[in-house]
Amino acid sequence: MQVLSELPRRSVAFIGSECHPFVKTGGLGDVMYALPRELVRLNCDVRVILPRYACIPQKYQDKMVYRGEFYMDVGNTGRQYYVGIMEYICDGVVYDFIDNQEFFSSGNPYVNLVDDIPKYCFFSKAALAALNFMNWIPDVIHCHDWQAALVPIYLRTLFKNSPVGHAKSILTIHNLRFQGIYNIPTIQYWTGLPNDVFNMGALKQGWEDANMFKGGLAYADRITTVSGTYAQEIQTSEYGEGLEGHLRYHSYKLRGIVNGIDYDMWNPETDPALAVNYGLSTVLEHKMENKLALQKELGLEENQDKFVIGLISRLTNQKGLDLVSAVIPQVMDGNTQVVILGTGDKEFEDTFRYYEGAYKGQFAACIQYDESRAHRIYAGADALLVPSRFEPCGLTQLNAMHYGTLPIVRETGGLKDTVEPYNTFSGDGNGFTFDRYESGLLLDAINRAKTLYFTNRYHWDEVVQRDMAKDVSWEHSAKQYKDLYLELTQW
């Protein structure tokens, strides 16, 4: 990996609960993987600290190297807990896994709050203790979501006078819906934090609860979230999930930085999952071949003149699927095919299975998680639907653009920041958008896309090439994070 060594050097510890390829349930896993790799290129020394879950594939477990072990007290339990450190190095990034069978032996990373609260209290404290143990003191500790939100609090309290206490802290909000809220006695018991952090300005919420995310936001030196629009939205009652007032109070340290996508993983020129590889200069001829291959794979009518709409998503209420299921009968007009990939709520799974039966050969419901099929849908579809109720950043619309598939999105969060609506008069824009959360407006956006596709293919192809030429890599975002690290550590 080429390091730009003329840039000022900083050391950064990433602390979070998941990271591709070891364990991933959503966009957080992608960010924890791609951002550190890009920061290494920008002359940062990066360690990623993760729990050593039992579900991490054995091929990675086998390559981990034992770095040491120690025992530490946890909260007011009166016990000493084992902390093992296993290390794995890849592409210049050091991954340190915190080992403890008692907390990390279950199959999935997230089980339920009763189990997860003690687990991430232990993990947050063990991550800081491990940095002291290895004598690797970073300039900045970059924490992610509620599972690592105790780290900034520990840093300013129990670890204040230890070597790692000199580090600055950043807490990134990937999804504000999950906050780690539990009763105060339980959180006091597992954290051992002093009473003065359990006040309304920090951990306390309501009369008797503690909110780990809220406390972390109060104690962090900077707060970031994954798009500029989402940074504004979370300060409103509609999107703030109860923390809007707290976030408005701390807005002076809040920034929005849009995520990127990893061009090593998402590149139509080299992607092994595709029927035919293509780039900016060959997209117009080879995208059709991918469409026909996708139709064949999914049992759809093989016809390159059909307008193929893809949807790749967790099937949950957040993703706007109630709007999608409401408009399907009007969308299925004989010229259109729809492909859906994902798993989630039973009501949506059953609805889309019903539509597959009702529109045989024109509607495919793939109720599964299949990474390589996702790549083929990005390559074979003409448009991709992302009609989310809220979307902090969204990566699917970026993947789609990079594969020459035009996004149809709702103007919220990162979708609004990355998709500019197509303008019929000037020809500007890179997708199709709608604002209010209404099925009629979604249908209107889909119809605008279809109208351009069927009546002005020359302009459609222009937008396809414009999207493929757009830089949606991590490079720009990583530079913004690096600038933030430098701003925090001026010497």
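This text leads through three parts of a predicted model: a serine in a loop, a pocket, and the cysteines.

The place to begin is Ser473, which sits in the loop between α17, spanning 457-469, and α18, spanning 474-488. Ser473 has a relative accessibility of 13% and therefore counts as buried, since buried means under 20% relative accessible area. Its side chain makes a polar contact with the side chain of Asp471, at 2.7 Å. When neighbours within four places in sequence are left aside, Ser473 is in contact with Gly260, Ile261 and Tyr263.

Tyr263 also leads to the second largest pocket, which holds about 240 Å³ of space; of the twelve residues that line this pocket, those closest to its centre are Glu38, Arg41, Asp262, Tyr263 and Asp264. Both α1 (27-41) and α18 supply at least two residues of the lining, and α1 gives the most, with four residues. Sorted by class, the lining of this pocket has six charged residues, five nonpolar residues and one polar residue.

The cysteines come last, and the structure holds zero disulfides. For Cys55, the closest cysteine sulfur is that of Cys19, and because the distance is 13 Å, the two are too far apart for a bond. Cys90 is likewise in no disulfide, the nearest cysteine sulfur, again that of Cys19, being 9.8 Å away. As for accessibility, Cys55 counts as partly exposed because its relative accessibility is 31%, and Cys90, with a relative accessible area of 28%, is partly exposed as well.

Methods
Residues are numbered from 1 along each chain as its sequence is written. This is a predicted model: local features need pLDDT of at least 70, side-chain atom pairs count only at pLDDT 80 or more; totals for chains, interfaces and linings use all residues. Side-chain values use heavy atoms; hydrogens and water are left out. Buried means under 20% relative accessible area, exposed over 50%, partly exposed in between (1.4 Å probe, protein chains only). A polar contact is a pair of N or O atoms within 3.5 Å; within protein, one must be able to donate a hydrogen and the other to accept it, and residues adjacent in sequence count only if both atoms are side-chain atoms. Contact means heavy atoms within 4.5 Å. On a 1 Å grid over the protein atoms alone, a cavity is a set of points where a 1.4 Å probe fits but cannot get out, and a pocket is an open set with protein on both sides within 12 Å along at least five of seven lines; lining residues have an atom within 4 Å of a point. Grid points are joined across faces, edges and corners, and a volume is the space filled by probe spheres set on the points. Ala, Val, Leu, Ile, Met, Phe, Trp, Tyr, Cys and Pro count as nonpolar, Asp, Glu, Lys and Arg as charged, and the others, Gly among them, as polar. A disulfide is a pair of cysteine sulfur atoms within 2.5 Å.
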